[in-house]
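Take a look at the model below. The report that follows covers the chain contact, the core, a sheet and some backbone details.

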Amino acid sequence: MTNRSLPRPNPWVNETTKSIALFFLSLGIFLLFWEWGANAEIFAKGMPNASTTLKELWWWTTNPFFDNGPNDKGIGWNLLISLRRVAIGYTAASLIAVPLGIMIGISKVAYRAFNPYVQLLKPVSPLAWLPLGLYIFRDSEQTGVFIILISSIWPTLINTAFGVANVNPEYVDVARSLGTPRLRTIFKVIIPAALPNIVSGLRISMGIAWLVIVAAEMLLGTGLGYFIWNEWNNLYIPNILVAIFIIGIVGLLLDSIFGALENLVSFGRKA
Amino acid sequence: MSIGLQTSPPEAPAVATSAHLSIRNVSKIFPGKGGLFNKLTGKSTSDFVAIEDMSLEIEPNTFVSIIGPSGCGKSTLLSIIAGLSSPTFGQLFLNDQPIKGPGADRGIVFQNYALMPWMTVEGNVRFAVETVNPKLSPGQQREIVRQALELVNLTGAARKHPHEISGGMKQRVGIARALAINPKILLMDEPFGALDALTRGFLQDEIERIWEQDRKTVVMITHSIAEALLLSDKIVMMTRGPAAKIAKVLDVPFPRPRNRETIDEHPAYHDLKTEMEHHLTLETRAVEEDRIRKLSRN
């Protein structure tokens, strides 16, 4: 061995550090442009500048839980209300969609027979269900949950049925060649094999549920969507921007939970 | 000779777990799409005869290779023996019992391993053992799995998932899974087809070593003349499809245990090899010419 040292790349200049630097640079430029543009009133009259908005963001995130009546709640309460509606509606949707998807996916006849319903209902905007929900339930809380349920059911249902219907036939051949009983084949082979598809369906559904709740709540009474609507009525734009930022962050967190779950069930397969 | 891993004495080969396979006048025809609707839309196809009237007797404790040009219905034949598809005409018997469907009396080694990616190496083998022997205690089941993995030298990889191990190791799991259920007959569908040449040679030696231990009846599909000559007692050469038939059955007289480095010193080796090469080359050329003719007609 000669005494040469292994050439090592500079740890301070690589793709990661470069992308972090670019991120902060672009963020700085964006904030400066915003601050200057708002002060010079080039966007619209009354648009808040970056520093006001950031101060509001700091205030709302450091005082999340106060309650001075329905139109003056901390953003933490509104967030919990939205999350609770999503949790109930989404869980109910998943409990329907996953078993139904498995049953539809196992049988080719059922797959073809139920496909028209799914294809017809899937593209309907969730808000189109709102009047129907209000008429049936006559209650804003239940209507919100209903809207989440009806709009987050389809991606999970479709992905589950697709995953089950397209399980690698070799796995099924292995099970058949061993004389595996039907139920054992379904639970030990077909469902685990379809799990990456099921989880990506659940991930898309969660994304949709989070998109829909904000829109639905504008027409209901509480929650993050109502917070935005309320601030619109107050014509106080900084708080609207704060809410948009918080909705984005929470959506990102929910999505990354499901992203991690996808990795957990993939076992080297591409999801 | 290496018999270091045996758990039963070598002088008592387990003849009881071997089997006689009888294939009697088997044909497999895939029906084409007929009917008025398909005719009008130009989608009608004619019936496809994959295998025509094939008969074959496979004696117990024999290693049989089936070799033929691509598309000759070798894999179709194996899946019929496995019971995964049924013959259109004819019957199969395993120890005089008719084969009516899949069953654990036949162990299958798949070309693409067919390991469940969410189960560990140990879990894949245990799935088979639990399915076939549900009444054994978990401890007994684990012991069978342990022995099977030891047989293929995979004890150290038991807790790995399939995506963490090499192709050669994956196929050793496939072999362990097929053997762990103690089948009467082992069916292998181009077991080394997806492996590189060196790994393939290594696994062929492993198969030779394992087979010497209990001389189970084996039916193996292969493309490789050298592989067939190294492992088989009999080689079934098939004609090209469609309507594939048996062209000839060759006896391979080399003594066992065999060694890939010295096997070609046997006086019969070169004649057998030449005969197989001659047959396969002619059939493959005919297949290719058929395909070219079909393309230029369209």
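How many residues does the contact take from chain A and from chain B? This is a predicted model. In it, chain A supplies 16 residues to the contact and chain B supplies 20 residues.

**The contact, from chain A**

Two elements of chain A, α7 (169-177) and α8 (182-218), each give two or more residues to the side that touches chain B. The largest share, 6 residues, belongs to α7(A). Sorted by class, this side of chain A has 6 nonpolar, 4 polar and 6 charged residues.

**The core**

The largest nonpolar core holds 124 residues. Inside it, A176(B), A180(B) and V219(B) have the most contacts. The element that gives the most to this core is α8(A), with 16 residues.

What does V219(B) touch, leaving aside its neighbours within four places in sequence? Its contacts are I58(B), V64(B), I66(B), L78(B), I81(B), I185(B) and L187(B).

**A sheet in chain B**

An open sheet in chain B is built from 4 strands. Their order is β2-β1-β4-β5, and the pairing is antiparallel. Which strands stand at the edges? They are β2 (48-58) and β5 (97-98) of chain B. Each has a single partner strand, so one side of each is left without a neighbour in the sheet.

Strand β1 (residues 21-30) of chain B pairs with β2(B) over 7 bridges, in the antiparallel sense. One bridge partner can be named: I29(B) is matched by V49(B) in β2(B). Strands of a sheet pair through backbone hydrogen bonds.

Helix α2 (residues 74-82) of chain B lies across β1, β2 and β4 (89-94) of chain B. The helix runs at about 120° to β1(B).

**Backbone details in chain B loops**

Now the torsion angles.

| Site | Angle | Place |
|---|---|---|
| R256(B) to P257(B) | omega near -5° | P257(B): loop between β10 (246-251) and α8 (269-297) of chain B |
| N153(B) | phi near 60° | loop between α4 (138-151) and α5 (167-180) of chain B |
| N182(B) | phi near 45° | loop between α5 and β7 (185-189) of chain B |

The peptide bond from R256(B) to P257(B) is cis. N153(B) has a positive phi in a residue other than glycine. N182(B) also has a positive phi, again in a residue other than glycine.

Why does N153(B) count as partly exposed? It has 14 C-beta neighbours inside 10 Å, and a residue is buried only if 20 or more other C-beta atoms lie within that distance, exposed if 12 or fewer. N182(B) is partly exposed too, with 18 other C-beta atoms within 10 Å.

How values were computed
Residues are numbered from 1 along each chain as its sequence is written. Chains are lettered from A and ligands numbered from 1 in the order in which they are written. This is a predicted model: local features need pLDDT of at least 70, side-chain atom pairs count only at pLDDT 80 or more; totals for chains, interfaces and linings use all residues. Two residues are in contact if their C-beta atoms, placed from the backbone, lie within 7 Å. Ala, Val, Leu, Ile, Met, Phe, Trp, Tyr, Cys and Pro count as nonpolar, Asp, Glu, Lys and Arg as charged, and the others, Gly among them, as polar. A nonpolar core is a set of buried Ala, Val, Leu, Ile, Met, Phe, Trp, Tyr and Cys residues joined through C-beta atoms within 7 Å. Two strands pair if DSSP finds at least two bridges between them. Axes are lines fitted to C-alpha atoms, for helices over the stretch in contact, and angles run from 0 to 180 degrees between N-to-C directions.
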